[in-house]
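Biologist: Before we discuss this protein, could you put it on the screen, so that each term we use can be set against what it stands for?

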Amino acid sequence: MNTLEHKVALITGATSGIGRAAALLFAGEGARVIVNGRRADELAQLVADIEAHGGRAVALPGDVREESIAAELVSLARERFGRLDIAVNNAGSMGEMLPVPELSRESWQDTIDANLTGTFLGAKYQLPALAERGGALIVTSSFVGHTVGMPGTAAYAASKAGLIGLVQTIAAEWGAKGIRANAILPGGTDTPANVANAPGADAGVRGFVEGLHALKRMAAPEEIARAMLFLASDAASFVTGSAFLVDGGVSISRT
Ligand SMILES: NC(=O)c1ccc[n+]([C@@H]2O[C@H](COP(=O)([O-])OP(=O)(O)OC[C@H]3O[C@@H](n4cnc5c(N)ncnc54)[C@H](OP(=O)(O)O)[C@@H]3O)[C@@H](O)[C@H]2O)c1
C-alpha cells in the first residue's frame, strides 16, 4: 500500500521547488492533494502532471497572506475530497536581502507576512479540520535563523525562527487532538529561491553555497520532499514539535 493512501494533503508554495516536488511525491504515494501558489499556469501544469500519473489534485491559486485564501483552501479540501489529513505550509521567499539599517519597514513586513503570518493564517483554518481525525501539520522553516546567522537575511531569519515557535505552540496546543506539528529545516536546496540560482550568480556563488555543507552539495527538492513525506506519514507517529534539520550538514560544517 502507498504511504499516504486515503489521505488528503494541502500544500502551499507548490508552483515550484520543494512544494512542487512534495505535491508530486505525496500524490504518487496515494494522497489526494490541494495545491496553492500565486502562479495559476504553473499550478495548472502541476495538476496535469499529477493526473497524468494517475493521481488526483485540485489547485487554488492565491497569496497565502490573504486570510480568505487560507479559509478557501480548507473548504476546497472538504468539498472535493471530504477531509484534511496533512497540511504543508511551505510557501515562502527570501525577501529583500539588505543589512538591517537599510531594510525598510515595508520590506521587513512583507517577508514576515509571506513566511510567518501566511503560515499562521493557514494553521488557523487547517487545525480544526485536521482535528476531526488527527493529522500532520508541517511548516517549512530553515537552518537560517536557527543554527546559522547569515548577513542580509534579517526578516527571512526572523520569520523562519518564528515558525519554530509557532509549530511548538501548535504541537503543545493540539497534540491531545492527535495532531503532530513539525518544522522542517532544509539546507541549501537547488530551487529558484536559492542565491545560487539568482540572476547574475556565477559558478563561484554555487561553489560557495555547496561548500558550506558537510556533503559539499545542495539538496535536490525531492530530497526535502522525502523528509516531508516522513513527517506526514505514520512512520513519524511520535514526532511532534520538532525543528527537523534536513540540511546536508550545513549547521555543523566548519570546513
Ligand atoms: N531553496 C533553499 O535553499 C531553501 C532553504 C531553506 C528553506 N527554504 C524554504 O523552502 C520553501 C520553498 O522554497 P523553494 O526553495 O522551493 O523555492 P521556490 O521554488 O521559489 O518556491 C517557493 C514557493 O512559494 C510560493 N510562494 C511564495 N510566496 C507566496 C505567497 N505569498 N503566497 C503563495 N505562495 C507563495 C511560490 O509560488 P508563487 O511564486 O507562484 O506564488 C513557490 O511555489 C520556502 O519557504 C523557502 O523559504 C528554501
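Biologist: How much space lies in the largest cavity?

Modeller: This is a predicted model, and in it about 100 Å³ of space lies in the largest cavity. A search of the whole structure for cavities of 30 Å³ or more finds one.

Biologist: What makes a space count as a cavity rather than a pocket?

Modeller: A cavity is a set of points where a 1.4 Å probe fits but cannot get out, whereas a pocket is an open set. Of the 14 residues that line the largest cavity, the closest to its centre are Thr-12, Val-64, Asn-89, Gly-118 and Gly-122.

Biologist: Which helices supply at least two residues each to that lining, and which gives the most?

Modeller: Helix H3, residues 67–81, and helix H4, residues 105–130, each supply at least two residues, and H4 gives the most to the lining of the largest cavity, with five residues. By kind, the lining divides into seven nonpolar residues, seven polar and no charged.

Biologist: Why is Ser-141 called buried?

Modeller: Ser-141 has a relative accessible area of 2%, and buried means under 20%, so Ser-141 is buried. Ser-141 is placed in the loop between strand E5 (135–140) and helix H5 (154–174). Leaving aside its neighbours within four places in sequence, Ser-141 is in contact with Lys-160, Leu-163, Ile-164, Ala-183, Ile-184, Leu-185 and Pro-186.

Biologist: Lys-160 is in that list; how far is an N or O atom in the side chain of Lys-160 from an oxygen atom of the ligand?

Modeller: The distance is 2.8 Å, and a polar contact is a pair of N or O atoms within 3.5 Å, so the pair made by Lys-160 and the ligand counts as a polar contact.

Biologist: What distances are found for Thr-191 and for Gly-17?

Modeller: For Thr-191, an N or O atom in the side chain is 2.6 Å from an oxygen atom of the ligand, while for Gly-17 a backbone N or O atom lies 3.4 Å from an oxygen atom of the ligand. Set against the cut-off of 3.5 Å, each of these pairs therefore counts as a polar contact. In total, 30 residues surround the ligand, and the closest are Thr-15, Ser-16, Ile-18, Arg-38 and Thr-191.

Biologist: Why is Glu-102 called exposed?

Modeller: Exposed means over 50%, and Glu-102 has 52% relative accessibility, so Glu-102 counts as exposed. Glu-102 is placed in the loop between strand E4 (86–89) and H4. Glu-102 and Gly-152 are 50 residues apart in sequence and 9.6 Å apart in space, C-alpha to C-alpha.

Biologist: Why does Lys-216 count as partly exposed, and where is it found?

Modeller: Partly exposed lies between under 20% and over 50%, and Lys-216 has 40% relative accessibility, so Lys-216 counts as partly exposed. Lys-216 is found in the loop between helix H6 (203–211) and helix H7 (221–232), and Lys-216 has a positive phi of about 60° although it is not a glycine.

Biologist: What is the phi of His-6, and why is His-6 called exposed?

Modeller: His-6, also not a glycine, has a positive phi of about 70°. His-6 is found in the segment before strand E1 (8–11), and because its relative accessibility is 53%, against a cut-off of over 50%, His-6 counts as exposed.

Note on methods:
Residues numbered from 1 in each chain as written. Predicted model: local features only at pLDDT ≥ 70, side-chain atom pairs only at ≥ 80, totals over all residues. Heavy atoms only, no water. Helix = DSSP H or I, 4+ residues; strand = E, 2+ residues; numbered from the N terminus. Buried < 20%, exposed > 50% of the residue type's maximum accessible area, 1.4 Å probe, protein only. Contact = heavy atoms within 4.5 Å. 1 Å grid on protein atoms, 1.4 Å probe; cavity = no way out; pocket = protein on both sides within 12 Å on 5 of 7 lines; lining within 4 Å. Points joined across faces, edges and corners; volume = space filled by probe spheres on them. Nonpolar A, V, L, I, M, F, W, Y, C, P; charged D, E, K, R; others polar. Near = heavy atom within 4 Å. Polar contact = N/O pair within 3.5 Å; in protein donor to acceptor, adjacent residues only side chain to side chain.
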